[in-house]
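Thanks for making time this morning. I would like to walk through one model with you, taking the helix packing and then the cysteines.

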Amino acid sequence: FGVDGVAADMEMILPAAESLDSLAMAWCCTNLAICADGAGDYERALELMERAAAVPHERNALLHAVVTSWHGWELSMLGRHDEAGAIWKRGLAHAEAANHLTAKAYMLSKVGVWADDVGDSDLALRCHRDSAEVFS
């Protein structure tokens, strides 16, 4: 079965997801995007993450962090680092405003990935340390 099998079944799964509420749709698109990512289809994964990002999900800080994280990841995989960084920074601001520590730690790690991608090792280290401190 594997990732390729799941990715091949996406066209069957996605129409059924259209009938779900916005939170379930965001989760579904994110999980399908992870499958596409695993199969190396970053364009398809980005398309799915853009669908997930377009549905209202901000009321759930953790889901917002997951969607934002994967959306930025797919942009990063396609070499669109500035866009990824901007998305991850907005995700961090949202997590901080929601005072959701898990979401904040998750987004700090993504901003750290972006900082490393663009060569800002000081910021990358700070973000990863701050992320780790949340759970210590």
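**Helix pairs and cysteines**

Let me begin with H6 and H7, whose crossing is left-handed, meaning that the near helix is turned anticlockwise from the far one by less than a right angle, whereas clockwise would be right-handed. Before going further, I should say that this is a predicted model, in which local features need pLDDT of at least 70 and side-chain atom pairs count only at pLDDT 80 or more, while totals for chains, interfaces and linings use all residues. Residues are numbered from 1 along each chain as its sequence is written, and side-chain values use heavy atoms, with hydrogens and water left out.

Helices here are DSSP runs of H or I with at least four residues, numbered from the N terminus. Helix H6 covers residues 81-98 and helix H7 residues 101-117, and their axes come within 9 Å and cross at roughly 155 degrees; the axes are lines fitted to C-alpha atoms over the stretch in contact, with angles running from 0 to 180 degrees between N-to-C directions. That makes H6 roughly antiparallel to H7, a term for angles over 145 degrees. Among the residues in contact, that is, with heavy atoms within 4.5 Å, are Trp88 and Leu92 of H6 and Met107 and Trp114 of H7. By class, this contact has nine nonpolar, three polar and six charged residues.

The second pair is helix H4 (residues 42-54) with helix H5 (residues 61-77), which pack at an angle of about 150 degrees with their axes 9 Å apart. H4 and H5 are therefore roughly antiparallel to each other, and H4 passes H5 in a left-handed crossing. The residues that meet include Met49 and Ala52 in H4, and Val67 and Trp70 in H5. The residues of this contact divide into ten nonpolar, one polar and two charged.

Which residues does Thr30 touch? Thr30 lies in helix H3 (residues 22-38), and, leaving aside residues up to four places away in sequence, Thr30 touches Met49, Ala52, Val66, Val67 and Trp70. Thr30 is buried, with a relative accessible area of 1%, where buried means under 20%, exposed over 50% and partly exposed in between, using a 1.4 Å probe and protein chains only.

Finally, the cysteines: the structure holds zero disulfides, a disulfide being a pair of cysteine sulfur atoms within 2.5 Å. The sulfur of Cys28 is 5.7 Å from the closest cysteine sulfur, in Cys29, which is too far for a bond. Cys35 is in no disulfide either, the nearest cysteine sulfur, that of Cys28, being 9.6 Å away. Cys28 is buried at a relative accessible area of 17%, and Cys35 is buried at 18%.

Terms used
Helix = DSSP H or I, 4+ residues; strand = E, 2+ residues; numbered from the N terminus. Parallel < 35°, antiparallel > 145°, perpendicular 65-115°, else oblique. Nonpolar A, V, L, I, M, F, W, Y, C, P; charged D, E, K, R; others polar.
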